[in-house]
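Me: I am new to this structure. I would like to know what lies behind the labels people attach to it.

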Amino acid sequence: MSEIDDPNDAAGFAVIPVPAFNDNYIWLLHRDACAVVVDPGDAAPVEAALTEHGLRLTAILVTHHHADHQGGVAALAERWQAAVYGPAAESITALTHPLRGGEEVNLPALAARFAVLAVPGHTRAHLAYLSGRRLFCGDTLFGAGCGRLFEGTPAQMFDSLAKITALPDDCAIYCAHEYTEMNLRFATAVEPANAAIRARIDGARALRAEGLPTIPSTLALEKATNPFLRCREPAVIAAARAHGCASDDPVAVFATIRSWRNDFRAD
Ligand code: ZN
Ligand code: FE
């Protein structure tokens, strides 16, 4: 597990990707020996990374209630007496700091502040955490994709993604799953003529061939290649209309391509 250097944040904290399950990333943030973990779905790989890097855990940030994001919270919170931040309106284990979005979380262990964004859609009270030019967004925005709408409406998810696209273009997107290559196959089906998608496929393939994450991406790259952020593009509107969308309204376009994605199987 190697560290990701962020030139935008030289004075801040380092970020280590901790792979878990089939395709999850648990993000381990640290400054000197103090660590904070985002979405620990499993405690064991987090403990291994803490040991490997000589870190002690001080806080846990949870984006939403799904087990692959909080399954390790109970064990980690107990062992480290760590504070647990997460959505007040979802069932989060050992939650000590309930959040609704709009707050600022100060984590002295990282010498960092995190703005809390309410990004409902995947779940009803999903949160994202923004520090400097880094966004930890759970299952809201993925590399070239977005989360399924388990609990929210298309309009809610569209608004949540709009909140994210209002951030600076060089914002690094730390999502919670390695779905980029599969998502790019769908993006190609939506926009076959988009050269930025083709270039990203080559880049993602090269990274995965070396066993490296395609994450973090940047907001600029997502804006150029992610169909769910491109619902006002004529090519995306045309593709949605070919899949039953009856209007050019961006929320209707979003709803159509999101349900098209649910049934999409690429070979
Ligand atoms: Zn989830
Ligand atoms: Fe997940």
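Me: What makes the arrangement around the zinc ion (ligand 1) irregular?
Reply: The model is predicted, so every value here is computed from it. The four donor atoms subtend angles of 87 to 173 degrees at the zinc ion (ligand 1). Four donors count as tetrahedral if all angles lie between 85 and 135 degrees. The upper value, 173 degrees, breaks that limit, so the arrangement is irregular.

Me: Which residues coordinate the zinc ion (ligand 1)?
Reply: H64 (NE2), H66 (ND1), H122 (NE2) and D139 (OD) do, at 2.2 to 2.3 Å. A donor must be within 2.8 Å of the metal, so these atoms qualify. Their spacing in sequence is H-x1-H-x55-H-x16-D. Both H64 and H66 are buried.

Me: Which residues coordinate the iron ion (ligand 2)?
Reply: D68 (OD), H69 (NE2), D139 (OD) and H177 (NE2), at 2.1 to 2.3 Å. The same 2.8 Å cut-off applies, so they count as donors. In sequence the pattern reads D-H-x69-D-x37-H.

Me: Why is the arrangement around the iron ion (ligand 2) called irregular?
Reply: Its four donor atoms subtend angles of 85 to 167 degrees. A tetrahedral site needs all angles between 85 and 135 degrees. The value of 167 degrees lies outside, so the arrangement is irregular.

Me: What does D139 bridge?
Reply: D139 bridges the iron ion (ligand 2) and the zinc ion (ligand 1), which lie 3.2 Å apart.

Me: Why do D68 and D139 tie together separate parts of the chain?
Reply: D68 lies in helix α2 (residues 67–70). D139 lies in the loop between β10 (134–138) and β11 (141–142). The pair therefore joins parts that are 71 residues apart in sequence.

Me: Is D139 buried or exposed, and how do you know?
Reply: Its relative accessible area is 4%. Buried means under 20%. So D139 is buried.

Me: Why is R113 called partly exposed?
Reply: R113 has a relative accessible area of 48%. Buried is under 20% and exposed is over 50%. The value falls in between, so R113 is partly exposed. R113 lies in strand β8 (residues 112–118). Leaving aside neighbours within four places in sequence, R113 is in contact with E104, V105, N106, L130 and S131.

Me: What is notable about the phi of A111?
Reply: Phi of A111 is near 50 degrees, a positive value in a residue other than glycine. Most residues other than glycine have a negative phi. A111 sits in the loop between β7 (104–107) and β8.

Me: And A144, what is its phi?
Reply: About 65 degrees, positive although A144 is not a glycine. A144 lies in the loop between β11 and β12 (145–146).

Me: Which of the labels buried and exposed fits A111, and which fits A144?
Reply: A111 has 54% relative accessibility. Exposed means over 50%, so A111 counts as exposed. A144 has 0%. Buried means under 20%, so A144 counts as buried.

Me: Which residues does a cis peptide bond join?
Reply: I215 and P216, with omega about 5 degrees. Most peptide bonds are trans. P216 lies in the loop between α6 (195–209) and β14 (217–218).

Me: How do helix α8 and helix α9 meet?
Reply: The axes of α8 (residues 234–242) and α9 (residues 250–262) come within 9 Å and cross at roughly 65 degrees. The crossing is left-handed. V236, I237, A239 and A240 of α8 make the contact with V253, T256, I257 and W260 of α9. Seven of these residues are nonpolar, one is polar and none is charged.

Note on methods:
Residues numbered from 1 in each chain as written. Chains lettered and ligands numbered in written order. Predicted model: local features only at pLDDT ≥ 70, side-chain atom pairs only at ≥ 80, totals over all residues. Heavy atoms only, no water. Tetrahedral: all angles 85-135°; square planar, octahedral: opposite > 155°, others 65-115°. Buried < 20%, exposed > 50% of the residue type's maximum accessible area, 1.4 Å probe, protein only. Axes fitted to C-alpha atoms, helices over the stretch in contact; angles between N-to-C directions. Helix = DSSP H or I, 4+ residues; strand = E, 2+ residues; numbered from the N terminus. Left-handed = near helix turned anticlockwise from the far one by under 90°. Contact = heavy atoms within 4.5 Å. Nonpolar A, V, L, I, M, F, W, Y, C, P; charged D, E, K, R; others polar.
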